[in-house]
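Let's take a walk through a two-chain model together. Have the sequence and the 3D view open, and keep an eye on the helices.

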Amino acid sequence: MSIKFGFKEKADLGMELSFFGNIKGTEKIGQDGNVLSFKERPSKSFNVSFSLVIDADLFSDVIPDGDIHSQKFIDSVEMKLFYESVNSRQRGLISLTKDAASSSSKSFIYKGDMTIDPKYWFGEINYKGIGIRIKECNEKEGFKTAKNSILGSSKEKRLYIDPFKPSSGGQLDVKIGEIHDYAGVLYKLDKKNMVVLLNNKAPKRVQQILSCEYQTGLKASLRDALFEPIVIDVIEQLAREAFQLMLANIEDGHVDSPLNLVEPYKSVACDIAELLFQNQETKEEMYQALVNDLEDEDSRIRIINKELPMIVQSLSKVEKLYNSISKQVLES
Amino acid sequence: MIKACKVKNKLTSKDLTPSLQFEESVEFIEYDFDLDLSDFINAFDAIKNDKKLKIEESDYKFSKIIYDILQASNADESVYYDMKFWQWLSIQHLHEYCVLRWNMNLNDIKKSHYAKLLGGGGVGGFSLHSIARLFVPANILLKEKDGDDLLNSFFSIQQKEQSISQSTLALNSNLFVSIVRATLNLNTSQTVKAISRLNARKTGICLDILDDKEIAKLALENI
């Protein structure tokens with residue numbers, strides 16, 4: 001049997017899973033409607049309904065069974081709702097049934113429900129609609145003919161049972177203060193209080209420029225330009241710490257996802273993953289790619305020693321800020 | 001007998017003192033059931049007092065003990081997967097066990113030690129927690145006829161425990177049982193290969209609907 005993945009990709013494009021009907025007490029997170037979150041953790045059982053709309057044409061492309069409206073086809077394929085909740089340690093499948101009244105020759109509509117008792121669920125639940133071959137058919141090159149093959153899957157939907165908490169972002173305060181432990185240093189990242197300390201023993205004019213509050217003009221541009229390499233260095237320090245936190249349990253074979261870190265490490269590690277693994281399709285895949293690369297010693301060393309110094313520079317505005325100050329100085 | 005509790009909010013490392021005890025600000029919520037931890041504590045005392053016994057080789061034993069304690073307690077199953085309960089239990093009552101099990105030096109706490117008392121994030125979250133990692137497999141496997149053998153096998157090789165617990169496939173209890181059963185008599189490298197093989201197939205084949213034999217066939221091909 002051979003598997004031509006292009007067909008699966010085509011099938012994936014033709015399957016659309018939706019939350020069907022209102023789930024009381026929830027709100028949409030983000031623009032695309034793929035994520036819902038309860039505003040407060042629910043206390044009573046509730047029902048979630050789903051509809052899966054499938055473009056009928058794609059079945060013709062992914063299934064060599066002949067007439068897609070025939071009983072033979074109907075008997076050989078099942079649509080399921082796949083759910084997974086890591087924090088609840090639950091994963092499984094729910095059968096979806098064809099809504100004959102709503103389906104047409106161009107699109108098939110499947111529906112299903114899931115009753116959730118919040119006592120047994122924590123964090124979030126991820127959902128996907130998937131098409132599964134339940135009977136094998138004659139092998140045909142380029143088609144998934146084996147029993148239990150996944151013929152296609154929808155984009156993921158997510159429901160937060162514990163209210164979604166948006167990332168607090170990554171802004172660190174800068175303060176002038178005393179740096180005891182090293183002589184002759186200009187700044188220090190104070191990880192305990194999450195603040196960047198500017199050494200109060202640094203020359204007064206340096207302190208004056210770095211702490212000035214001008215919005216525009218030469219001094220503001222000079223401040224921003226001088227400060228950006230500090231930003232780059234601080235982000236690199238945070239990234240190294242974030243990687244250490246992700247690798248805290250590597251001896252147990254466990255590398256944590258950047259999503260499980262606290263701020264500001266979470267934002268820094270996620271930003272790095274998104275820039276480093278742009279070839280991945282989804283953010284989840286980018287974060288997983290970072291986990292995988294940190295798990296392997298060779299790729300970990302490559303990331304930390306080779307990629308990281310460049311990535312943090314890419315994340316910064318150093319070129320733009322240097323260009324701005326250079327222009328102002330040269331033209332004045 | 002002690003009154004069972006959970007911490008009010010899921011704890012992070014910031015909620016613990018340098019010696020991994022609760023900070024004063026941590027709040028608790030009482031459950032409506034009691035726990036009798038005497039079997040666990042007696043078994044632990046026996047290990048502490050007999051240098052021939054090795055705590056790291058006693059996971060199977062402690063797994064059964066903590067399972068029996070929870071079964072006898074009338075705790076609702078919703079407690080089993082609430083990390084706030086496990087955090088309370090490990091820090092409040094089984095702290096010494098956790099410290100000895102992972103050979104922690106409380107004067108030199110490593111980043112990895114926090115997860116032993118607080119659990120971790122992601123799929124491996126429960127398997128990193130010192131007590132939850134004992135209970136969860138027992139709660140799934142001991143419902144099976146051959147559950148005792150499966151549980152013993154699960155804890156016989158540390159790599160097996162880690163590989164299975166940290167696969168998203170194991171979130172499905174039926175799959176968890178099938179994978180442990182499929183890897184029953186395998187050595188470490190065979191086990192790792194078998195689980196890697198399943199992980200690699202999960203995007204093309206719906207493993208969640210396969211039975212024991214089908215899982216074993218997929219996992220053990222050419223091993």
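Which helices do the buried residues of H7(B) pack against? They pack against helix H2 (59-72), helix H3 (83-92), helix H6 (125-128), helix H8 (147-156) and helix H10 (173-182) of chain B.

Before going on, a word on the ground rules. This is a predicted model, where local features need pLDDT of at least 70 and side-chain atom pairs count only at pLDDT 80 or more, while totals for chains, interfaces and linings use all residues. Residues are numbered from 1 along each chain as its sequence is written, and chains are lettered from A and ligands numbered from 1 in the order in which they are written.

**Chain B**

Back to that helix. H7(B) covers residues 132-141, and ten of its ten residues are buried. Among them are Arg133(B), Phe135(B), Pro137(B) and Asn139(B). "Buried" means that 20 or more other C-beta atoms lie within 10 Å of the residue's own; with 12 or fewer a residue is exposed, and in between it is partly exposed, with C-beta atoms placed from the backbone.

Chain B has twelve helices and two strands. Here helices (H or I, at least four residues) and strands (E, at least two) are DSSP runs, numbered from the N terminus. Reading from the N terminus, the two β elements come before the α elements.

How does the overall size of chain B look? A compact globule of 223 residues would have a radius of gyration near 17 Å, and chain B agrees with that at 18 Å. This radius is taken over C-alpha atoms, and the globule rule is 2.2 Å times the number of residues to the power 0.38. Along the principal axes, the C-alpha atoms of chain B fill a box of roughly 55 × 40 × 35 Å.

**Domains**

Both chains come with a domain assignment, and its bounds are from an automatic or database source. Here is how it divides them:

| Chain | Domain 1 | Domain 2 | Distance between C-alpha centres |
|---|---|---|---|
| Chain A | residues 5-160 | residues 210-331 | 37 Å |
| Chain B | residues 2-142 | residues 157-223 | 27 Å |

In chain B, five residues of domain 1 are in contact with nine residues of domain 2. Two residues are in contact if their C-beta atoms, placed from the backbone, lie within 7 Å. On the domain 1 side, the touching residues are three nonpolar, two polar and no charged. For this sorting, Ala, Val, Leu, Ile, Met, Phe, Trp, Tyr, Cys and Pro count as nonpolar, Asp, Glu, Lys and Arg as charged, and the others, Gly among them, as polar.

**Chain A**

Now switch to chain A, which has nine helices and 14 strands. Of its 332 residues, 29% are buried. Among contacts in chain A with a separation of 6 or more, 63% are between residues 24 or more positions apart.

Look for an open sheet of four strands in the order S1-S4-S8-S7 (chain A), paired antiparallel. Strand S1 (15-20) and strand S7 (97-98) stand at its edges with a single partner strand each, so one side of each has no neighbour in the sheet. Strands count as paired if DSSP finds at least two bridges between them. S7(A) and strand S8 (107-116) of chain A have two bridges, in the antiparallel sense, and Lys98(A) has Tyr110(A) as its bridge partner in S8(A).

There's a hairpin to find as well. Strand S2 (26-29) and strand S3 (35-38) of chain A pair in the antiparallel sense over four bridges, with Val35(A) as the bridge partner of Ile29(A). Five residues lie between these strands, and Gly30(A) takes a positive phi near 85 degrees.

**Where the chains meet**

How many residues of chain A are in contact with chain B? There are 29, touching 27 residues of chain B. Strand S6 (90-95), strand S9 (124-133) and helix H5 (218-246) of chain A each supply at least two residues to this side. S6(A) gives the largest share, four residues. By type, this side of chain A has eleven nonpolar, eleven polar and seven charged residues.

Finally, the largest nonpolar core has 106 residues, and Ala242(A) and Phe135(B) are among those touching the most other members. Such a core is a set of buried Ala, Val, Leu, Ile, Met, Phe, Trp, Tyr and Cys residues joined through C-beta atoms within 7 Å. H5(A) supplies the largest share of this core, eight residues. Not counting residues up to four places away in sequence, Ala242(A) touches Pro258(A), Leu261(A), Tyr265(A), Val268(A) and Ala269(A).
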